[in-house]
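Good morning, colleagues. I should like to take a few minutes to present one structure, beginning with a single residue pair and ending with the whole chain. Please have the sequence and the model in view.

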Amino acid sequence: MAKAPLAEMLIESVKMELPDTKTMHIKWPDGYDCEFKTGQFITTFWADTPTYKRAYSLSSCALDRGFFEVTIKREGKMGTRVVDWAKAGDKIMILPPAGRFLPVYDPPGKHLICIAGGSGITPFRGFAREATRRQLDTRITILYSVRTTGDIIFNEEFRQLEAENPKLQFLVSCTRLGAEDPWPGRRGRITPEYVKTLVTDAANTVFYACGPAALVDAAEHLVMGDLGLPKQQCILEKWG
Ligand SMILES: Cc1cc2nc3c(=O)[nH]c(=O)nc-3n(C[C@H](O)[C@H](O)[C@H](O)COP(=O)(O)OP(=O)(O)OC[C@H]3O[C@@H](n4cnc5c(N)ncnc54)[C@H](O)[C@@H]3O)c2cc1C
């Protein structure tokens, strides 16, 4: 298949995931086709400001055909325009998917430990969706660091996927909850000691980390420094 071209696409619908985070469901135009992989990102821009481009990980997966989904946090110029202004019926320019932040589903028997903070969860929704729909035997453990329970993106969808897929675990750690909060889950940062309790077969474990530079750097240090695993077992997607 020829490489997909740059295309103007219709934002078919939008969904506020949190007060500062929006998913755009972007429809492929007629005749558009595209080979891509779960975990890749698309590059977006508005036709009225073609030099201002921003990359967004696909929060949909490669089994989702006919559309892309991206989930964007209000940040600076692009994030604010999307979260505050983008609506169904608008059009946006899309460069085809790219990137090497890909889940290792083959050979079978791998354990993917995915570390995310904030909106860095986006590509892992794709990982979990694809593995669940294909009923893969790949174990996926998502370690999601958020400040409070109000910051968890895709909570319901991950809980649903967990119910369908016994190989998937969605483990949230809250770093800034008040002592009075009834949250029964884990509190505090993702520490090496905690991660070590989750690794059962180090040779077959692949770590992923996605999001802002500070979180990704910390995860890299944890995997290659504290756990002593080689670079090939640590796949990183740094956003800034
Ligand atoms: C491969 C990849 C995948 C990504 N996937 C996602 C994703 O799934 N979801 C997502 O939300 N993001 C994602 N990002 C990040 C995204 O590309 C943008 O970097 C992000 O949306 C910020 O762009 P912006 O135009 O909104 O912010 P910019 O305008 O570029 O601003 C960046 C930062 O600077 C600050 N800033 C801007 N102007 C000023 C100023 N005058 N004074 C002080 N501070 C200022 C802003 O508050 C912001 O924090 C990804 C990045 C990469 C590389």
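**A strand and its neighbours**

Ser 145 has Ser 173 of strand S9 as its bridge partner. The model before us, I should say at once, is a predicted one.

This pair belongs to a wider arrangement. Strand S8, residues 139-146, and S9 run parallel and are joined by seven bridges. Between these two strands the chain passes through helix H3, residues 155-164, and the resulting β-α-β crossover is right-handed.

Which strand pairs with S9 over two bridges? That strand is S10, residues 186-187, and the pairing is again in the parallel sense. Here Cys 174 is found opposite Arg 187 of S10.

Let us now consider the two faces of S9, which comprises residues 168-174. Leu 168, Phe 170, Val 172 and Cys 174 make up the covered face. The uncovered face consists of Gln 169, Leu 171 and Ser 173. Thus Cys 174, the residue opposite Arg 187, lies on the covered face, whereas Ser 173, the partner of Ser 145, lies on the uncovered one.

I turn finally to the protein as a whole. Five helices and twelve strands are present. The C-alpha trace spans about 50 × 45 × 35 Å along its principal axes. A compact globule of 240 residues would have a radius of gyration near 18 Å, so the protein's value of 18 Å agrees with that expectation.

Of the 240 residues, 36% count as buried. Among contacts between residues at least 6 apart in sequence, 71% join residues at least 24 apart.

Key:
Residues are numbered from 1 along each chain as its sequence is written. This is a predicted model: local features need pLDDT of at least 70, side-chain atom pairs count only at pLDDT 80 or more; totals for chains, interfaces and linings use all residues. Helices (H or I, at least four residues) and strands (E, at least two) are DSSP runs, numbered from the N terminus. The radius of gyration is taken over C-alpha atoms; the globule rule is 2.2 Å times the number of residues to the power 0.38. A residue is buried if 20 or more other C-beta atoms lie within 10 Å of its own, exposed if 12 or fewer, and partly exposed in between; C-beta atoms are placed from the backbone. Two residues are in contact if their C-beta atoms, placed from the backbone, lie within 7 Å. Two strands pair if DSSP finds at least two bridges between them. A crossover is right-handed if, with the strands pointing away from the viewer, the path from the first strand over the helix to the second runs clockwise.
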